[in-house]
Amino acid sequence: MYKTSRLFGFLAVAALALAACTTPATPGTSSSATATSEPQGSSGGAATSAPATSEAQTPTAEATTSAASTTAVTSTEASTTTAGTTASQLAVGIVLPTKDEPRWIQDETRFKDALTAAGYNGEILFSQGSSAQEKQNVESLITKGIKVLVLCPQDSAAAAAAADSAHNAGIKVISYDRLIRDTASVDYYVTFDSVAVGAQQGQYLVDKAKDKGSPLYLYAGASTDNNAFIFFEGAWEVLQPKIADGTFVIKNSGEADGLKGKPKLSRDEEAKIIGQITTNWDFNTAKNLAESNLTKAQAADKGNVFILAPNDGTARAIADAFGADKDVKSYTVTGQDAEKASVQYIIDGKQSMTVFKDVRTLVKGAIDASVALVQGKTPAAKGSYNNGKVDVPAIQSPVITVDKPNVKATLIDSGYYQASDFTGLQ
Ligand code: BGC
């Protein structure tokens, strides 16, 4: 499955500025319990995952009317030339899912930095949670003459039509972070190691759980996002043996509990579980689901609880709900994305961990691949992901578990964020 990567880093995007991303709207902060965050031995069993392969999933295209948000990054003098491709010839269209989550603002910021530094033409559009808007964004970029489309799909299957339109117009298509499913019109996939994301979340909970019968609450991302399945798959691989041996007792998913003896789940089984525990990547949905789970649970189902939260935005919402419950003595809660608000939650002891995905690496991968594709070359790949129709050549970046003990070294000392972005940092 894996092949040796070729070194082709010409025109690598250098000098990525370390611009800060915007601060998200943060859910309320009432808290009667604290997230556990003692030093951790091994930092979350890094999954040595083979790229995920998965069957088709049902699209649920949304059709809202929210307007696309646009950021044009104008090219500089465009004098850079690389093996016959001038910078101005590399017109890249980038479509991201929503401006309402800080994760994608991080990507926007890093793309702007990278495009400006390299002197490329680029335009960044947001789909605002709507596949219809996403399709419109892609059509508009096609008419503007882009050479490469970098698309992070709102809905993995619904985005196939947009990818097909671009491909039919002779445009190369790069699936960014989330896999576009059920179409042959995807040239390349740039992603993080998403199985490792889930595995590190699961491992964190396992490392913290000392008592048999520890209450476990599971939450997942949107079922329209292929990543939600991969994250859950990675977490389940690590959690399942500890559920089977009684360390954890699942409190909020009958489907998951019914499958606790099964180390490897089918996509359909995962879909059933995700159907019960989905946050839809939405803070309010996450908060409401957590509150409803807590309302149904008895005091004995609480105490020192363990929570698999799929990403930072939902983690904060879920943490607030658990923190406000008088029967919750402590909670250990996962996250991902290293959003600033969650980094502050970790410093404050309100979120236990996050999984840091260095967006600069992903952006660089997308730009390097764009250049190669425009030049008729094959971008370096280290494996492939099956999208239900074809094996898409892929490159995946590693991820890092971050909690209170290593937050400064990982995110501040590395220059990703400024110390002044936070309070109480030690
Ligand atoms: C991304 C996460 C993000 C989530 C919600 C996933 O596909 O990989 O980083 O938090 O979507 O937007």
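These legends accompany close-up views of a ligand and its surroundings in a predicted model.

**View A. Thirteen residues gather around the ligand.** Let's start with the neighbours: 13 residues surround the ligand. The closest of them are E101, D177, R178, D225 and D337. What kinds of residue make up this shell? Three are nonpolar, three are polar and seven are charged.

**View B. Side chains of R103, D225 and D337 meet oxygen atoms of the ligand.** Look at D337 to begin with: an N or O atom in its side chain is 2.5 Å from an oxygen atom of the ligand. For the side chain of D225, the distance from an N or O atom to a ligand oxygen is 2.6 Å. In R103, a side-chain N or O atom is 2.8 Å from an oxygen atom of the ligand. How much of the ligand's accessible area does the protein cover? The ligand on its own has 310 Å² of accessible area, and the protein covers 100% of it.

**View C. Two helices contribute to the shell around the ligand.** Here you can follow α1, which runs through residues 102-118, and α5, which runs through residues 226-244. Each of these supplies at least two residues of the shell.

**View D. The ligand sits in the largest cavity.** Searching the whole structure turns up three cavities of 30 Å³ or more. The largest cavity holds about 100 Å³ of space. Its lining is made of 13 residues, and those closest to the centre of the cavity are R103, W104, R178, W281 and D337. Which elements give two or more residues to this lining? They are α1 and α5. By type, the lining of the largest cavity has three nonpolar, three polar and seven charged residues.

How values were computed:
Residues numbered from 1 in each chain as written. Predicted model: local features only at pLDDT ≥ 70, side-chain atom pairs only at ≥ 80, totals over all residues. Heavy atoms only, no water. Near = heavy atom within 4 Å. Polar contact = N/O pair within 3.5 Å; in protein donor to acceptor, adjacent residues only side chain to side chain. Areas by Shrake-Rupley, 256 points an atom, 1.4 Å probe, with all protein chains shown as cover. 1 Å grid on protein atoms, 1.4 Å probe; cavity = no way out; pocket = protein on both sides within 12 Å on 5 of 7 lines; lining within 4 Å. Sits in = over half its atoms within 2 Å of the grid points. Helix = DSSP H or I, 4+ residues; strand = E, 2+ residues; numbered from the N terminus. Nonpolar A, V, L, I, M, F, W, Y, C, P; charged D, E, K, R; others polar. Points joined across faces, edges and corners; volume = space filled by probe spheres on them.
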